[in-house]
Amino acid sequence: MTTDPIALSTLLGDAEALLPEILEVRRRLHRRPEIGLALPATQALVVDELERMGLAARVGRTVSSVTAVIEGAEPGPTLVLRGDMDGLPLQEETGLEFTSETPGAMHACGHDTHVAMLLGAARLLLNRRDRLAGRVLLMFQPGEEGFGGARFMLEEGLLDLPAGQAANAAFAIHISTSYPAGTLNLRPGPEMAAADFVRLSLSGRGGHASAPHTALDPMPVAAEIVLALQAMVTRRVDVFDPAVVSITHVRGGTTNNIIPETVFLEGTIRTFSEKTRASVHANLRQVVEGICAAHGAVADLEIERGYPVTINDAAFTAFVASIGEELVGPEAVVPMPAPIMGAEDFSYVLQRVPGAMVFLGARAPGEDPATAPGNHSNRVVFHEPALAVGVAMHAAVALRHLAAG
Ligand SMILES: [Zn+2]
């Protein structure tokens, strides 16, 4: 007799039994990575896999997204499970037998594993439909890597559901070699940063380098701004609600004896709250305009908002952690001591419904954390047995969240 009404105890075993098929899908995707918002081959594979399970797949109008609904036996709310699908523009050098066959493209962030895990979870859930009160909305999104694929899906009506079926939670898993294989790493509140772009064109007046007083040299103005921005961050930003401003690209001038007319700067702004985000934008503008005014240069400043802060709902995070502890043991569920300065467009979904993203560790046992290639490295290798944990987690979160009677 079992005391587990949702039978979590069987999920991990079932996921492990499915692993060969899950890995077959993962490796097929890995061989054919696609980048951005248009992923026709990836989309076709996902549609095909869903239809073979008997699910109706819906594709996006403007981007290569796919959605499908697993309808529970009883009425209830909707839970979103998300898997992103895009690769990255780099040349794979892992030496794996299923290495990318597309030159200059690689699944270096493990989104191939996300697709495979979500498809595997769909199979586990289909076998347990009678346990679901409500429905699971499977969200396969393109263009996570800077293209805002999740936002396109929301604009196309991802969450526009009939009354009584509204989504009341969302869950995502991101694989990572930063953590030991099979561990689940998460934290309530801000988990990943907002990432905004700054671009700045400084105009002075060109001239002969031997007579700077006859010109208006934008070069020292640029140098002053780069340093002043670092002082701005340390003096104007609350250390307990931190920010990073990095100027990463400086372009100006042609040779040693010409003062250039313009200098171009660009960089990134990372923050963990809308408050600090707004204050950094305002202070950055003030620093740039003030320094330019002091020297008579003219600034053309553009601050483009990128992905917002990824904020895990505290209650849902505790719920996910408790399920993880039950599934893989308390020692394998690790609270993250600090957020990550990277950014993630699942944040747009979490702005609309409470939920959480968890990092699934996939660093192979015995690998040195100091030297193991990380996500976005062209040598990164994800430890495949860890995928069973991700498959079971997706299904367990859905079953518990939508527990029928
Ligand atoms: Zn990623």
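Which side chains meet in a salt bridge at 2.5 Å, N to O? In this predicted model, they belong to D14 and R128. Let's see where those two sit. D14 is in helix α1, which covers residues 8-31, while R128 is in the loop between α3 (111-126) and β4 (133-141), so this pair ties together parts that are 114 residues apart in sequence. D14 is partly exposed, with a relative accessible area of 32%, but R128 is buried, at 10%.

That pair has company: the structure holds 23 salt bridges. Here are some of them, with the separation of the closest N and O atoms.

| Salt bridge | N to O |
|---|---|
| D14 and R128 | 2.5 Å |
| R31 and E101 | 3.3 Å |
| D196 and R277 | 2.7 Å |

Take R31 and E101 next. R31 lies in helix α1 and E101 in the loop between β3 (74-84) and α3, so their salt bridge ties together parts that are 70 residues apart in sequence. How open are these two? R31 is partly exposed, with a relative accessible area of 27%, and E101 is exposed, with 57%.

Now for D196 and R277. D196 belongs to strand β8 (residues 194-203) and R277 to helix α6 (residues 274-295), so here the linked parts are 81 residues apart in sequence. Both D196 and R277 are buried.

Salt bridges don't always come as lone pairs, either. Which residues do shared partners join into one network? They are R26, R27, E97, D112 and E384.

Methods: Residues are numbered from 1 along each chain as its sequence is written. This is a predicted model: local features need pLDDT of at least 70, side-chain atom pairs count only at pLDDT 80 or more; totals for chains, interfaces and linings use all residues. Side-chain values use heavy atoms; hydrogens and water are left out. A salt bridge is a side-chain nitrogen of Lys or Arg within 4 Å of a carboxyl oxygen of Asp or Glu. Helices (H or I, at least four residues) and strands (E, at least two) are DSSP runs, numbered from the N terminus. Buried means under 20% relative accessible area, exposed over 50%, partly exposed in between (1.4 Å probe, protein chains only).
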